[in-house]
Amino acid sequence: MSAQSATTGQVLEFKLGDETYCVSIDYVTEIVDIGELTKVPNAPPHVEGVMDLRGRTTSIVNPKAVFGIDEAGEEKRIIVYDPEIVQTQSAAGWLVDEVYQVVQVSPEQVDQSPANDNGSIRGVVKRDDEFVIWVDPAVVHAAG
């Protein structure tokens, strides 16, 4: 499945440290509370461990490690992604501090990211007096 080229649609907003991020809702299969994680020896630094979700072994990734975010947080929710977006076709989820809401984003709300190094940042959504960083989990998992 190729990364979506459109920069509009519904996004799921979530918190990492002090900032708000979002992903296209098309990638998300469910949101769950954090459960018991099993550490995997020699796993990459961004992989927190694995957990069983509905009988499927799911890798749990810490996006703070991927994006270089130092702020601590409660890390109490997991956004589970469609296995189609992960290159290895395995289930993956992101450990996030909080999940907020699903919102509609229009093209005029999205600016290009000033730091679009590997394509993992799709843009910056302007809303009222805040910015929401739009990330692409397909690119993150392809690179990671």
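At 25% relative accessibility, glutamate 98 counts as partly exposed, and in this predicted model the side chain of glutamate 98 meets that of lysine 76 in a salt bridge, with N and O 3.2 Å apart. The pair links distant parts of the chain, since glutamate 98 belongs to strand β8 (residues 98-105) while lysine 76 is placed in the loop between α1 and β6, 22 residues apart. Lysine 76 is likewise assigned to the partly exposed class, its relative accessible area being 33%.

The chain in which this contact is found has 2 helices and 11 strands. Read along the sequence, these elements follow the pattern β-β-β-β-β-α-β-β-β-β-β-β-α. Of the 144 residues in the chain, 44% are buried.

A search of the whole structure finds 10 salt bridges. In addition to the bridge between glutamate 98 and lysine 76, one is formed by the side chains of glutamate 75 and lysine 64, with a distance of 3.5 Å from N to O. This pair, too, links distant parts of the chain, with glutamate 75 in the loop between α1 and β6 and lysine 64 in helix α1, 11 residues apart. The two partners are covered to unlike degrees: glutamate 75 has a relative accessible area of 23% and is therefore partly exposed, whereas lysine 64, at 4% relative accessibility, counts as buried, the limit for a buried residue being under 20%.

A further salt bridge joins arginine 127 to glutamate 130, and the closest N and O atoms of this pair are 2.8 Å apart. Glutamate 130 is partly exposed, with 32% relative accessible area. The contact belongs to a wider arrangement, in which Glu13, Arg127 and Glu130 are linked in a network of salt bridges.

Between arginine 127 and glutamate 130 in the sequence stands aspartate 128, which is found in the loop between β10 (121-127) and β11 (130-135). Although aspartate 128 is not a glycine, its phi is positive, at about 55°. Aspartate 128 has a relative accessibility of 78% and so counts as exposed. A positive phi of about 55° is also found at arginine 54, again a residue that is not a glycine. Arginine 54 is located in the loop between β4 (47-53) and β5 (56-61), and its relative accessible area of 71% places arginine 54 among the exposed residues.

Aromatic contacts were examined next. A pair of aromatic rings is described by the distance of the centres and the angle of the planes. The structure holds 5 aromatic pairs. In one of them, the ring centres of phenylalanine 14 and tryptophan 94 are 6.2 Å apart and the ring planes stand at 75°, so that the pair is edge-to-face. Because phenylalanine 14 lies in strand β1 (residues 9-16) and tryptophan 94 in strand β7 (residues 91-96), this pair ties together parts that are 80 residues apart in sequence. Phenylalanine 14 is buried, its relative accessible area being 0%, and tryptophan 94 is buried with a value of 0%.

Tryptophan 94 also pairs with phenylalanine 67; here the ring centres are 6.1 Å apart and the planes are at 80°, so this pair is edge-to-face as well. With phenylalanine 67 in helix α1 and tryptophan 94 in strand β7, the pair ties together parts that are 27 residues apart in sequence. These three aromatic residues are members of a cluster in which ring pairs link Phe14, Tyr21, Phe67, Tyr81 and Trp94.

On the surface, a patch of negative charge is formed where Asp18, Glu19, Asp70 and Glu71 gather. One of these residues, aspartate 70, is situated in the loop between α1 (63-67) and β6 (77-81). Aspartate 70 is exposed, because its relative accessible area is 74% and the exposed class begins over 50%. The loop that holds aspartate 70 is also the one in which glutamate 75 and lysine 76 are found, and these two residues take part in the salt bridges to lysine 64 and glutamate 98, respectively.

How values were computed
Residues are numbered from 1 along each chain as its sequence is written. This is a predicted model: local features need pLDDT of at least 70, side-chain atom pairs count only at pLDDT 80 or more; totals for chains, interfaces and linings use all residues. Side-chain values use heavy atoms; hydrogens and water are left out. Patches are made of residues with over 30% relative accessible area and no salt bridge: like charges are joined within 9 Å, nonpolar side chains (Val, Leu, Ile, Met, Phe, Trp, Tyr) within 5 Å. Accessible areas come from the Shrake-Rupley method with a 1.4 Å probe; for residues, only the protein chains shown count as cover. A salt bridge is a side-chain nitrogen of Lys or Arg within 4 Å of a carboxyl oxygen of Asp or Glu. Lys and Arg count as positive and Asp and Glu as negative; His and the chain ends are not counted. The place of a charge is taken as NZ of Lys, CZ of Arg, CG of Asp or CD of Glu. Helices (H or I, at least four residues) and strands (E, at least two) are DSSP runs, numbered from the N terminus. Buried means under 20% relative accessible area, exposed over 50%, partly exposed in between (1.4 Å probe, protein chains only). Rings of Phe, Tyr and Trp (its six-membered ring) pair if their centres lie within 6.5 Å; planes under 30 degrees apart count as stacked, over 60 as edge-to-face and the rest as tilted.
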